[in-house]
Amino acid sequence: MEMSHRSSNYAAIQETAINDLRELLSIPSNYKILLMQGGGTGQFAAVCFNLLGRTGVADYVVTGSWSAKAAKEAEQYGKVNLVVPKVAKYTAVPTQDTWKLDPNASYIYYCDNETVDGVEFDFVPDITNGVPIVCDMSSNFLSRPFDVTKFGLIFAGAQKNIGPAGVTVVIVRDDLIGHHMKQTPSILNFSQMDKNASLLNTPPTFCIYLMGLVFKWIKRNGGVVGMAKTAATKSKLIYDVIEESNGFYSCPVEKRVRSRMNVPFRIGSSAGVDALEKEFLAKAESQGMIQLKGHRSVGGIRASLYNAITVGETEQLAKLLREFAQSHKA
Ligand code: PLP
């Protein structure tokens with residue numbers, strides 16, 4: 001933690017982490033990997049400062065609360081075209097044939113996994129007119145393989161799948177660097193970050209060190225293909241219990257786009273029975289399963305099954321869910 005970020009010892013740590021990430025996702029050499037600060041929220045603004053100036057308008061596919069926040073941030077810097085109709089509750093990803101895209105957009109933005117709502121894309125948009133895709137993968141990064149070349153930019157805060165909060169990974173195609181607005185803060189400027197090898201100022205060195213260890217762990221455990229297999233197994237364990245419960249548990253999200261990372265559900269009825277949900281949370285906590293309460297904006301329960309959660313731990317939750325349903329059914 002005390003190492004100078006200008007030392008050769010630290011340079012080796014950062015370089016190894018970046019090289020391992022490049023290998024894990026087969027990131028081509030024309031894509032830069034930047035390690036930035038400011039989290040996902042910082043990138044909501046950074047994306048605008050660096051890319052929105054090109055035409056002044058951007059497409060936002062809002063499928064949950066995080067993409068909604070990103071679109072709201074972008075409204076400060078340019079024109080936002082909402083590609084899909086506004087909805088009261090986020091439970092689906094409208095298919096691409098229904099999207100109203102602006103051919104003049106600087107980029108098309110979406111969030112691959114909506115952490116709060118449990119909505120995960122089951123496709124990468126097929127964009128053929130050259131408009132780059134910008135994707136927030138904060139909560140499902142490195143949980144499945146994807147073709148980097150289909151994207152202009154991908155960003156991910158570390159704190160779900162790849163390490164502690166404090167570092168944000170940005171993978172950006174090199175031709176998209178250098179189009180920033182004049183007033184872009186240096187700390188959010190991709191060009192300056194790139195020129196300075198992500199060492200414009202003191203980076204969160206310890207977070208980057210830990211993130212590097214997580215990359216090694218992913219490599220030892222089958223890479224992103226291995227992570228995808230485990231994620232499918234874990235999420236199926238929980239969704240199966242929900243489906244088998246005859247409505248005792250209910251997940252509002254359309255089956256096609258149910259998240260493998262965040263499983264939101266209600267207990268007792270589709271709107272949730274408060275007393276049952278409280279009882280369940282207390283029971284889970286007494287067994288060491290903490291923080292299963294849903295996000296305050298949606299309520300209910302949310303089981304987050306990030307890469308570090310084991311199949312065994314997920315089985316423990318599935319078992320509790322079955323027992324709880326059994327003991328509360330007539
Ligand atoms: N995007 C997604 C998908 C998230 O889940 C989060 C946080 O949970 C954010 C963005 C915001 O990240 P941060 O809190 O690092 O700003």
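Which residues of β7 point one way, and which the other way? In this predicted model, Ile133 and Cys135 lie on one side of the strand, while Val134 and Asp136 point the other way, and all are buried. This fits a familiar pattern: in a regular strand the side chains alternate between the two faces of the sheet.

Strand β7 covers residues 133–136 and pairs with β8 in the parallel sense, over 3 bridges. A walk along this pairing finds Cys135 opposite Ile154 of β8, and Asp136 with Phe155 of β8 as its bridge partner. Strand β7 also pairs with β4 (residues 108–111), again in the parallel sense, and here 4 bridges are formed. Cys135 takes part in this pairing too, as the bridge partner of Tyr110. Cys135 is thus a handy landmark for the reader, facing Ile154 in β8 and bridging to Tyr110.

Strand β8 (residues 153–157) is mostly covered, with 5 of its 5 residues buried. Leu153, Phe155 and Gly157 point one way from this strand, whereas Ile154 and Ala156 point the other way. Besides its parallel pairing with β7, β8 is joined by 5 bridges to β9 (residues 168–173), and these two strands run antiparallel. Within that antiparallel pair, Gly157 stands opposite Thr168 of β9.

Further along the chain comes an open sheet of 3 strands, in the order β10-β11-β12 and with antiparallel pairing. Its edge strands are β10 (249–250) and β12 (301–304), each of which pairs on one side only. Strand β10 meets β11 (residues 262–267) in the antiparallel sense over 2 bridges, and Ser250 can be found opposite Arg266 of β11. Helix α7, made of residues 274–286, lies across β11 and β12 and runs at about 130° to β11.

A look at the surface rounds off the picture. Met1, Phe206, Tyr209 and Leu213 form a nonpolar patch there, and together these residues have about 450 Å² of accessible area. Met1 belongs to the segment before α1 (8–24). Met1 counts as exposed because its relative accessibility is 78%, and the cut-off for that class is over 50%. The residues of β8, in contrast, are buried, as are Ile133, Val134, Cys135 and Asp136 of β7.

Definitions and conventions:
Residues are numbered from 1 along each chain as its sequence is written. This is a predicted model: local features need pLDDT of at least 70, side-chain atom pairs count only at pLDDT 80 or more; totals for chains, interfaces and linings use all residues. Side-chain values use heavy atoms; hydrogens and water are left out. Two strands pair if DSSP finds at least two bridges between them. Contact means heavy atoms within 4.5 Å. Axes are lines fitted to C-alpha atoms, for helices over the stretch in contact, and angles run from 0 to 180 degrees between N-to-C directions. Patches are made of residues with over 30% relative accessible area and no salt bridge: like charges are joined within 9 Å, nonpolar side chains (Val, Leu, Ile, Met, Phe, Trp, Tyr) within 5 Å. Accessible areas come from the Shrake-Rupley method with a 1.4 Å probe; for residues, only the protein chains shown count as cover. A salt bridge is a side-chain nitrogen of Lys or Arg within 4 Å of a carboxyl oxygen of Asp or Glu. Buried means under 20% relative accessible area, exposed over 50%, partly exposed in between (1.4 Å probe, protein chains only).
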